[in-house]
Amino acid sequence: MKTSRRQVLRGALGLAAASTVAPELIVAKPKTGYTHSELDDRLKSGKGLNGLTKADLTTPCLLLDLDLFEANIARMAAHAKAAKINLRPHGKTHKCPEVAHRQMKAGAIGLCVATIREAEAMATAGVKGLLVTSELVGKPKIERLLKLVRRAPDTMTVVDNLAHAQQLSEAAIAAKLKLNVMMDVDPAGRRTGVPAGEQAIKLAEQLAKLPGLKLGGIHGYSGVSAHVTGFEARRNHSTKVMTPVLETYAQLKKLGLPVEIMSGGSTGTYNIDTELSGMTELQVGSYVFMDKEYRMVGGKSGATYDDFNCALTVMGTVISKAYDDHATLDCGIKAFAKDRKFDADVKGITGVTFSAGSDEHGTLMLQNPSREIKLGDRIEFIVPHCDPNVNLYDRMYCTRGENVVEVWRTVGRYGD
Ligand SMILES: Cc1ncc(COP(=O)(O)O)c(C=O)c1O
């Protein structure tokens, strides 16, 4: 038998099925328990989120503290302005058009994306100046790229191989398009990119001759430098590995090749790479949200890297409190990206440690908790690594204090 929403509400309020109660009691807002789709319906019907608080959300869920987030955007924008360097932040971190629009509003010249699906979704949301920072290899992805370029002609992609470049050029000619490409040069990671120096210069000369392509510059991202612990060690690392890339860039300019853009950098090196001569833009990502991993790498002024705020959290609920020394929450392995060796940090409570040990359950060990932990408590966690954690959720609930003021969708996720 189908149960009506009214019956459910009656049940939740402890009302007998046939009782006569005032209508305002029946529609009284339950204190907690909106599902995602109930909130979607509420937004669609134009009711807005008036009065919604964190306590009303179903958990586990992803929260974004807008005050902290806005301060992060402003800080990076001010840094880029002062250093006279362009910002093309990386959208792989947030996968969120609302975030991209705010980055652009603060002065970013475009957005980096890691996948074709992110590129398509961001273009659909009206984000301009896309740079796809992973090689799009194979017919299906090349076809999607060309389709995308038709509606977003300033899109750029990367290439580190002549045969791939020839395929891109031929496909572009067949589609009567010119494809903007950046030569991908590898500073250190051996992930993608041609080695700097002779090999890169030879490839650039070949790329410049391909009729379907327009070479725009160099993409040189050192992910290895980003998380070197200690500011001075990080500075030395980034300077060492980026110098050959920047020398290659200078050499190409000398040879008269049309390389205008030199793109690279990360949240960990944003204030290091701007000191390197030749960088024209930064593709910083994690700074908008931050995560535990970045907090641990150390900043200019101490052991904790706190240039940017931890604006993103996962919120869970204490669902069992049968023992004095621990509590069990409804957020486990499935609520957190588990690609790092360490677990999430608890926000705002000291003397506790968290372990997301089983699929749907996480354990909070209460060594010396700074406040009492009770059944039903909502607890927030700073995630180990923000990018893959965002990919697990289709939305983030944006908050000001305890209030939930907006819901931002994530797009172009794996599985979308
Ligand atoms: C190619 C590329 N550029 C930029 C970034 C942004 O780095 P971060 O999030 O450390 O700022 C990443 C992140 O992994 C990346 O893969």
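## One helix and its surroundings

Helix α8 buries Ala-165, Leu-168, Ser-169 and Ala-172. Here "buried" means that 20 or more other C-beta atoms lie within 10 Å of the residue's own, "exposed" means 12 or fewer, and "partly exposed" is in between, with C-beta atoms placed from the backbone. Seen down the axis of α8, these buried residues fall within an arc of 100°, so they line one face of the helix; the arc is that of the directions from the helix axis to the C-beta atoms. Over on the other side of α8, Ala-163 and Ala-174 are exposed.

Before going on, a word about the model. It is a predicted one: local features need pLDDT of at least 70, side-chain atom pairs count only at pLDDT 80 or more, and totals for chains, interfaces and linings use all residues. Residues are numbered from 1 along each chain as its sequence is written. The pLDDT, which is the predictor's confidence in each residue from 0 to 100, averages 93 for the protein, and 92% of the residues score at least 70. Residues 1–28 stay under 50.

Back to α8: this helix covers residues 162–174, 13 in number, and reaches 18 Å from its first C-alpha to its last, close to the 18 Å expected at 1.5 Å a residue. That expected span is 1.5 Å times one less than the number of residues. Helices (H or I, at least four residues) and strands (E, at least two) are DSSP runs, numbered from the N terminus.

What do the buried residues of α8 pack against? Their partners are α7 (139–151), β5 (156–159), β6 (179–186), α9 (198–209) and β8 (213–219). Two residues are in contact if their C-beta atoms, placed from the backbone, lie within 7 Å.

Now for some backbone oddities. Most residues other than glycine have a negative phi, and most peptide bonds are trans. Just after α8, Lys-176 takes a positive phi of about 55°. Two loop residues also have a positive phi:

| Residue | Phi | Loop | C-beta neighbours within 10 Å |
|---|---|---|---|
| Lys-84 | about 55° | between α4 (66–83) and β2 (86–87) | 8, exposed |
| Arg-190 | about 55° | between β6 and β7 (194–195) | 9, exposed |

There's a cis peptide bond too, joining Thr-59 and Pro-60, with omega about 0°. Pro-60 sits in the loop between α3 (36–44) and β1 (61–65).

Finally, the ligand. Of the 15 residues around the ligand, Tyr-221, Ser-266, Thr-267, Gly-285 and Ser-286 come nearest; a residue counts as near if its C-beta atom, placed from the backbone, lies within 6 Å.
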